[in-house]
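Student: Could you take one part of this model and walk me through it closely? I'd like one connected story rather than a list.

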Amino acid sequence: MELFKRSNQMTNEPTRREIIDESRAAYLLGLPKEQLREICEMSGLGHLEEGATNIRLVFTYEELYRLCRLIVGPTS
């Protein structure tokens, strides 16, 4: 996984919710965090983001959609 550093947003810009953190993604997919991490390592989905105090695993909506399709499998 690659490490991305998020650029500082100006204080008057609205907060954009284009990134989903690991806890929320695990909840939405109905998986424990440990299992989500394993799937991410195998699939290459998700990326590490450096915040002000720590590094966290985050997903874009596209990555979350692809994870969902991967978990559910092919549908008819």
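Tutor: Let's start with a ground rule: contact here means heavy atoms within 4.5 Å. Keep in mind, too, that this is a predicted model.

With that cut-off, take I71, which sits in helix α3. Leaving out residues up to four places away in sequence, I71 touches L29, L31 and I39. L31 is 40 residues from I71 in sequence, yet their C-alpha atoms are 10.0 Å apart in space. I71 isn't fully tucked away, though: its relative accessible area is 36%, so it counts as partly exposed.

Now go to another residue of the same helix, E63; α3 covers residues 61-72. E63 is buried but has no salt bridge, and the nearest side chain of opposite charge, R66, is 6.4 Å away. A salt bridge needs a side-chain nitrogen of Lys or Arg within 4 Å of a carboxyl oxygen of Asp or Glu, so R66 at 6.4 Å doesn't make the cut. What E63 does have is a polar side-chain atom 2.9 Å from the backbone nitrogen of T60. Beyond its neighbours within four places in sequence, E63 is in contact with L45, G46, H47 and V58.

So where are the salt bridges? There are two in the structure. One joins E49 and R56, with the closest N and O atoms 3.1 Å apart. E49 is buried, at a relative accessible area of 6%, while R56 is partly exposed at 32%.

The other pairs R37 with E22, at 2.4 Å from N to O. R37 belongs to helix α2 and E22 to helix α1, so this bridge ties together parts that are 15 residues apart in sequence. Here again a buried acid meets a partly exposed arginine: E22 has a relative accessible area of 11%, and R37 has 38%.

That bridge leads us to how the two helices pack. The axes of α1 (residues 22-29) and α2 (residues 33-43) come within 9 Å and cross at roughly 95°, which makes α1 roughly perpendicular to α2. On the α1 side, the residues at the meeting point are E22, S23, A25, A26 and L29; on the α2 side they are K33, L36 and R37.

And L29 brings us back to where we began, since it is one of the residues that I71 touches.

How values were computed:
Residues are numbered from 1 along each chain as its sequence is written. This is a predicted model: local features need pLDDT of at least 70, side-chain atom pairs count only at pLDDT 80 or more; totals for chains, interfaces and linings use all residues. Side-chain values use heavy atoms; hydrogens and water are left out. Helices (H or I, at least four residues) and strands (E, at least two) are DSSP runs, numbered from the N terminus. Buried means under 20% relative accessible area, exposed over 50%, partly exposed in between (1.4 Å probe, protein chains only). Lys and Arg count as positive and Asp and Glu as negative; His and the chain ends are not counted. A polar contact is a pair of N or O atoms within 3.5 Å; within protein, one must be able to donate a hydrogen and the other to accept it, and residues adjacent in sequence count only if both atoms are side-chain atoms. Axes are lines fitted to C-alpha atoms, for helices over the stretch in contact, and angles run from 0 to 180 degrees between N-to-C directions. Angles under 35 degrees count as roughly parallel, over 145 as roughly antiparallel, 65 to 115 as roughly perpendicular and the rest as oblique.
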